[in-house]
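Me: I'm new to this structure and would like a close look at one part of it. Could you pick a strand to walk me through, and give me some of the surroundings too?

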Amino acid sequence: MSILKAPLTSLRPERETPARDDAVALDLRGVQKTYDTPGRPQVEAIRRLDFSIRKGELVCVVGPSGAGKTTLLRSIAGLLELTSGEVVLDGATVTGPPQGMAVVFQEYGRSLFPWMTVRQNVELPLKEKGLGKVERRAKALTALEEVGLTEAADQHPWQLSGGMQQRVAIARAIAYEPTVLLMDEPFAAVDAQTRAELEDLVRSLWKRLGVTVLFVTHDIDEAVYLGERVIVLSNRPTVLMEDVRVDLPAKRDQLTTRSDARFGELRGHVYALIQRAKRGDRPDAPLPGGGA
Amino acid sequence: MSIVALARRAAIALGLPIVLLAAWWVASADSTSPFWPPLQKIIQTFPTTWTWDRFVGDVVPSLTRLAIGYALAVIVGIVLGTAIGLMPRLRALSEPVLEFFRAIPPPVMVPIIALFAGYTGSLGKVLTIALGCLWPILLNTVEGVRGLEPTLTDTARSYRLSTWRRLTFVVLPGASPRIFAGARQALSIGVILMVISELFGANRGLGAAIVQFQRSFAIPQMWTGIIVLGLIGVVLAALFRAVENRMLAWYQGQRQIERGE
Amino acid sequence: MSSSPATLAPAATRGTPRARRGRRRPDAWLGVLGVAIVLVGAETLSRTGIVNPAFLPPVSEMYAKLFQLLGEADFWQSLWLTVRGWAVGLGAAMALGILAGFVIGSLPWLRAVTRSTIEFLRPIPSVALIPLVVLMYGTKPASAFLLVLYAAFWQVLVQVLYGVADVDPVARDTARSYRFGPLRVARSVIYPTALPYIMTAFRLAAAVALILEITAELVIGVPGLGRDIGVAQSSGAVAETYALVIVVGLIGVAVNLLARVVERKALWWHPSVRSEAA
């Protein structure tokens, strides 16, 4: 269960190192991942990915199923050792789960500790941060209030519905006050109505707290609705298909945004990209991060 | 309504035991068989047999040895089991060896422990109990730790929980249902070994007393001993369940919801 | 330590059966290494005198003794008696336990009435009956049989009761609406549901039965390997004591393996991999 040590620097592919930009929260440089477990066939999951996310941005990552989305997220979270390349968070290379990052996993039912109450779940990472009891409690309650779960604080997660459980996971993440929040298909397992509610919750929390969010999903509508940018991945071995800028108004809501003509265009564009990716159509070389 | 319901439940719970006891009473009333004395006689013998002195001299030492041996097994089993469960290499290395030691019926360790620790004192007996109880706890802990939900482990890592906190807040609670399953098996093995260990070497204790009664053909007294032993088994099982219900309330609640009850 | 290959890989390639099997080979070698370490370690401890060889003879001596035993008819006779005692007791406990479990489990009123009695009788340690069986049967195999039966019966009964309680009420109602007789209901509805529980019962009861069989031999003197161990120890034949303990341990391993094979064979179709419900 140790923190992984990644021998990263030596293998970095040649590329002009960008000036360390203070506005960049997360920077992926030549990220490559090949699974090479003895006794198993070698699997090249990610061939090469370069992109960066500015502070306070909300970026969605979509790709066809099996595009290595989860691999990418786990690499960024420092849960997986890269084969080469590096992930830079706030100017420091990620070699293990970094300080300023929180992850919301898809399997909400399994990422909450069932033997703890909702509040204890939210407080545990704060305890690790060394916060005092009073402060911990206050922060946990504030976070639960943000997601609208004040009443459920003393219940156990398994007593709540799926959507509420995922709110708990989100509360735990924001109470941790990360600079970057990673979300791995967080709403894939909840029903459609709850999903819409949770999407709006993420948008409003993002705006209110100014946190940087990287949101992985397989749902094209969700990606376009939530993101400022949508990063489209190719099929495996993964490279960048396109980095799509979402020029929708900052204020979004389920009804007007989704019926906006521009939303439809963007949606169609991303949809076409995914279809191409599914057919195995992929850019020869990875595109430099940022441009569309 | 509630009183009626309560009475009904009491009748259901107590009905059969009362009928069985009555049947025993009646069937054995005129018994002249030396092995099956009348229940009445057994009950009459009870107070004179299980005096305070005997309680202090025989029951307390037996239970103390059981408690110490069991506690040792729980501590060693959980510590070793957690270590093995967390380290796949260590597990692969130790698995066949553990499988072998687990498969040895614990009573046959008595002669071997007797070689090392002697068997006239308490040490050999405590070791017998500890060694017998160890395997179910150890192996269940390994399985429990190994079967930990990977997403929980990832969560713990991504929030940078320290090793100690990960152990106490994540690994051990996560493995606790299995640990309890092992501890429950170990408890019944422990009681068996408590009795058996007293059948070797000169000594006092509950098991020794019962066998003493049998050898001196004090049959009603022997029967009271069997009953006391049975009661101890029942009380220990009830205690265990009380602890388990408290510690695993979250698990039982979760299971109930999963099964849609 | 690094747990990365074992715990992280499934996220990438959702563990195909073949991939999982491929990983077992290095594990198996490590296991062999582990056994070798223990054997060599014990041998060294004894040879160097760190542990008094009178208490722990060199492993090589134990095995020499073991091979010598393999040539003796008495040893095979004892082995046969032990295995027979185990099998007969276990068989009887399975038969009685399954029958009683089906009957009690299928009749709700009977289940309710017997619940407290079962909960009370189950934790009574079987060894409490040792003095009684000694009086009744002395060192005859019947003594061991009763102890094995008593200990294993409760394991089976409780598991079967869990199993019968697990039967889908809709399936039961369906069977009833088609006016199935009780025997057909038992065979086509209750039995398949209870089968995994019966297999678990077999695994648990097989281990308990062996413990009680050996205990009866060792403590009471019922003929078998257990008694031989007692005799060897009291006559100071230390190497032979160890050799016999190794044999008994190997029988235990064989019993566990057998139980697991039976469980897997009978349940290859079953979706759930059940963990101990006891």
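Reply: Let's start with a term we'll need: the radius of gyration here is taken over C-alpha atoms, and the rule for a globule is 2.2 Å times the number of residues to the power 0.38. Keep in mind that this is a predicted model.

Now the close look. The strand to zoom in on is β7 of chain A, residues 180-184. Is this strand enclosed or open? Five of its five residues are buried, so β7(A) is largely enclosed by the rest of the structure. "Buried" has a plain cut-off here: 20 or more other C-beta atoms lie within 10 Å of the residue's own.

It helps to think about the two faces. In a regular strand, side chains alternate between the two faces of the sheet. In β7(A), A:V180, A:L182 and A:D184 are on one side, and A:L181 and A:M183 are on the other. Both faces are covered, as the residues on either side are all buried.

Next, the neighbours. Strand β6 of chain A, residues 101-104, runs parallel to β7(A), and four bridges join the two. Strand β8 of chain A, residues 212-216, is also parallel to β7(A), this time with five bridges. A:M183 is a handy residue to follow across: A:V104 stands opposite it, and in β8(A) its bridge partner is A:F215. To get from β7(A) to β8(A), the chain passes through helix α6(A), residues 192-209, and this β-α-β crossover is right-handed.

Now for some surroundings, starting with chain B. Chain B has eleven helices and zero strands, so to speak an α run from the N terminus on. Its radius of gyration is 23 Å, where a compact globule of 261 residues would come out near 18 Å. Along the principal axes, its C-alpha atoms fill a box of roughly 75 × 65 × 30 Å. Buried residues make up 46% of the 261 residues in chain B. Among its contacts with a separation of 6 or more, 74% link residues 24 or more positions apart.

Chain B also meets chain C: 49 residues of chain B are in contact with 48 residues of chain C. On the chain C side, several helices each supply at least two residues, including α1 (4-12), α3 (24-47) and α10 (182-220). Helix α12(C) gives the most, with eight residues. By class, that side of chain C has 31 nonpolar, 15 polar and two charged residues.

Definitions and conventions:
Residues are numbered from 1 along each chain as its sequence is written. Chains are lettered from A and ligands numbered from 1 in the order in which they are written. This is a predicted model: local features need pLDDT of at least 70, side-chain atom pairs count only at pLDDT 80 or more; totals for chains, interfaces and linings use all residues. A residue is buried if 20 or more other C-beta atoms lie within 10 Å of its own, exposed if 12 or fewer, and partly exposed in between; C-beta atoms are placed from the backbone. Two residues are in contact if their C-beta atoms, placed from the backbone, lie within 7 Å. Two strands pair if DSSP finds at least two bridges between them. A crossover is right-handed if, with the strands pointing away from the viewer, the path from the first strand over the helix to the second runs clockwise. Ala, Val, Leu, Ile, Met, Phe, Trp, Tyr, Cys and Pro count as nonpolar, Asp, Glu, Lys and Arg as charged, and the others, Gly among them, as polar.
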